[in-house]
Amino acid sequence: MDDEPAIDYAISNERQQRYSNWKKNTKLLYDYLNTNSAKWPSLTCEFFPDLDTTTDSHRLLLSSFTSSQLPEDESIYISRISTLKHLHWSSLNNFDMDEMEFKPENSTKLPPRNLTDDISIRIPSGDSNRARYLPQNPDVISAASSDGSIYIFDRTKHNSTISRSTTSRPYEIKLEVAPQVELMDSPNEVVSLDWNKRKEGILASCHSRGQLLVWDISQYLHSNPTIQTPICSIDDFDPQGANDITWMPSHDSLLAACGESNTVAIYDTRSKSQVSKIQPGLHNGGINSCDFNAHNDYLLASADSIGTVHMWDIRKLDQDPIQSVSHGSSISTVKWNPNVATIIAVAGQEDGLVKLWDASNGQLIFTHGGHMLGVNDIAWNAHDPWLMCSVSNDNSIHLWRPSSHLVEPQNS
């Protein structure tokens, strides 16, 4: 385990003691753990869908969030790491009695222990609030900016290793609300975005003034790379601000959104109309995240600022949730496990904890306690059922796999 987060004077003694206790127990808690420190915190983490099986190398989409302190460092970047699953550890000859763990032979050539950066792409303006790659073509990456724009990049048109664009523009496409529609007092920040899984090039975004917009990047013209007219605009979703948006995985026109007014609603982009929404009073403090279950389109989770996670059958969204769990404090994001249908990960916006829950019975099965400050984003890996990435305000980037005996059913 390398690159421990620097302990700042502002971090409480209780939090520091928690970290110390966590560190002492990592060998018991994890089958794999890799910790990294970046120059700036990342608000984004997402595993790319590819896997180099010869070296068990995974790629990650990350970002540098400077809060406008150093605009030239504001960027998205792609890193890679090997979790060493391609190495064989079973021989007793590889067991280190001093460390009480298996280690590779000295002759084994190992990949770098920590994340290595492949490409860095500067955000032209504003801070990068969220970045996501296009599922049908992961070389295409969208970045939500605090300046109210969405920048679309083609990875293949940017040089490798901390580079800038090789084209005449710092981006391939820019999505922005037309100036005559935009109010001029302050930017209408793009808070979150999500690509449509069924229709290539369709991107949904939610904004700090409460709008939900849907864009079609195929409208792009090389002579005019700015698109100012979304194909669907819902202007009155939440006047206090929209916080998250997500497409139903197997439908090309239904999406869910959540916001500061404690609203979760389903919209049909064909009719630009609301299909259903939750009853008032079931969430409090503002809803920060929502996520569809990849195994069951009708199952939607939402999480709020007082630590409540509700799980809904969207066919009965106006009724009580079918399951609820309490994280204990404000939640930044929730993510269903794409490999294990009943498992959901919940990230603490303030406490720095990532908790894994079994939604079938509402039981907490694992807590990742290695971050010193709030967690900004989490991601599951598509190839490894329990491998996760989490990024925090303490500049840390963690990749971790809980010990199988803690999270997987044991044969009796």
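Trainee: Is Cys45 buried or exposed?
Mentor: Cys45 is buried, with a relative accessible area of 1%. Buried means under 20% relative accessible area, exposed is over 50%, and partly exposed is in between, using a 1.4 Å probe and protein chains only. Keep in mind that this is a predicted model, where local features need pLDDT of at least 70, side-chain atom pairs count only at pLDDT 80 or more, and totals for chains, interfaces and linings use all residues. Residues are numbered from 1 along each chain as its sequence is written, and side-chain values use heavy atoms, with hydrogens and water left out.

Trainee: Okay, and how many disulfides are there?
Mentor: The structure holds 0 disulfides, a disulfide being a pair of cysteine sulfur atoms within 2.5 Å. For Cys45, the nearest cysteine sulfur belongs to Cys389 and is 4.0 Å away.

Trainee: What about Cys389, buried or exposed?
Mentor: Cys389 is buried, with a relative accessible area of 0%.

Trainee: New topic: what's odd about the phi of Ser68?
Mentor: Ser68 has a positive phi of about 65°, although it is not a glycine. Most residues other than glycine have a negative phi. You'll find Ser68 in the loop between β3 (57-64) and β4 (75-82). Strands like these are DSSP runs (E, at least two residues), numbered from the N terminus.

Trainee: And what is the phi of Lys272?
Mentor: Lys272 also isn't a glycine, and its phi is positive, about 55°. Lys272 lies in the loop between β19 (264-268) and β20 (273-277), and is partly exposed at 47% relative accessible area.

Trainee: Switching to sheets: what is the strand order in the open one with 4 strands?
Mentor: The order is β21-β22-β23-β24, with antiparallel pairing. Two strands pair if DSSP finds at least two bridges between them. The edge strands, β21 and β24 (323-326), each pair on one side only.

Trainee: How many bridges join β21 to β22?
Mentor: There are 6 bridges between β21 and β22 (residues 296-304). Across that pair, Phe292 stands opposite Leu300 in β22.

Trainee: Last one: what's the volume of the second largest pocket?
Mentor: About 930 Å³. A pocket here is an open set of points on a 1 Å grid over the protein atoms alone, with protein on both sides within 12 Å along at least five of seven lines, and lining residues have an atom within 4 Å of a point. The volume is the space filled by probe spheres set on the points, which are joined across faces, edges and corners.

Trainee: Which residues are closest to its centre?
Mentor: Of the 38 lining residues, those are Glu46, Asp194, Lys197, Asp291 and Lys335. The largest share of the lining, 5 residues, comes from β2.

Definitions and conventions. 1 Å grid on protein atoms, 1.4 Å probe; cavity = no way out; pocket = protein on both sides within 12 Å on 5 of 7 lines; lining within 4 Å.
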